[in-house]
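Grab a pencil and open the viewer: here are a few short exercises, each with a worked solution. Try each task before reading on.

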Amino acid sequence: MLRLHFPNRPAADVPLSDGLCPVVRHASGQILAGVSAVGMLLLARFCLDGRGLWLQVSHDGAQVHVNGRPVRRMAIVRSGDQINIDGQDIHILGRHPDASSHAGAPALLRGYGGHLHGRAFALDRNWVMGSSAQADIVLEDKSLPALFVRIQPHAGTIDLQVLPGGEPLLVNGQTCLQAALLPGDQVVLPQGVRLVVEAAQALRPLVQAAEPPHTAATTTAASTPAVGSGFTSSWLLLAALALAAGLTALLLFGPR
């Protein structure tokens, strides 16, 4: 379901399955994906598992960017992300294989880029995005229609519809005017606005860390003051007073 697409060269998409998919540099300089790394320079690896899709940088000299941001070691990536490895553009298309298992679950629409970064919208009602102040989600790009996109949650999916007059947008890296969204899907709007559908997680009460068990000896020592502690403190105080008195006498009656 997930695949790697090379937008700037005539190459077939590379399907992703569970496990590793290497990205290598051929002796000719061309960057390839999904081929054996034997005899070639391994630049990075994609790893698909139950948690999602991961990108790992395998060569210290490789220049790797995800959606324009540099990656040094590792990053979790998703459908619709635009990746550049040493100048080669790679787009992730499709849907994570486990996305259908979340169908019908409560969901959130969370911003991961642009001016909506960090904001989240509960998909428990209809939402309309647009440049108008009357829109539920106001977009800063005033070149967009006043009412641009409608998102309607249903029992099984979340329907996305570009309203009349709006240009197609990207859903999981592919242009469309309408789509049925599931958790994990990514919607990309102009000016770098990225929205990801996430399965809502139930709020968990904060659990305080359990204190380490105390032995009987430790408890007794903590609750009972040490014998002689007050006695020692008194002797220290008397010694300090005696020293101060001696210095005073030396100053007053010492030789001049």
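**Exercise 1.** Which residue in β20 is the bridge partner of I158?

*Solution.* Bear in mind that this is a predicted model.
- Start with the strands: β17 covers residues 158–162, and β20 covers residues 178–181.
- Next, check how they pair: β17 and β20 run antiparallel and are joined by four bridges.
- Now pick out the bridge you need: I158 is partnered with L181 in β20.

**Exercise 2.** Find the strand that joins β17 through five bridges, and work out how the two are connected.

*Solution.*
- The strand is β16, residues 149–153, and it runs antiparallel to β17.
- For a specific pair, take I151, whose bridge partner in β17 is L160.
- As for the connection, β16 and β17 make a hairpin, with four residues between them.

**Exercise 3.** Sort the side chains of β17 by the face they point to, and say which are buried.

*Solution.*
- Walk along the strand and you'll see the side chains alternate.
- One face gets I158, L160 and V162, and these are buried.
- The other face gets D159 and Q161, which are not buried.
- The cut-off used here: buried means under 20% relative accessible area.
- Tie this back to the pairings: the buried I158 has its partner in β20, while the buried L160 is the partner of I151.

**Exercise 4.** Zoom out and describe the whole chain: how many helices and strands does it have, and what share of its residues is buried?

*Solution.*
- Count the elements: two helices and 22 strands.
- Then burial: 34% of the 256 residues are buried.
- Finish with the surface: about 15,400 Å² is accessible, and carbon and sulfur atoms account for 60% of that.

Key: Residues are numbered from 1 along each chain as its sequence is written. This is a predicted model: local features need pLDDT of at least 70, side-chain atom pairs count only at pLDDT 80 or more; totals for chains, interfaces and linings use all residues. Side-chain values use heavy atoms; hydrogens and water are left out. Buried means under 20% relative accessible area, exposed over 50%, partly exposed in between (1.4 Å probe, protein chains only). Accessible areas come from the Shrake-Rupley method with a 1.4 Å probe; for residues, only the protein chains shown count as cover. Two strands pair if DSSP finds at least two bridges between them.
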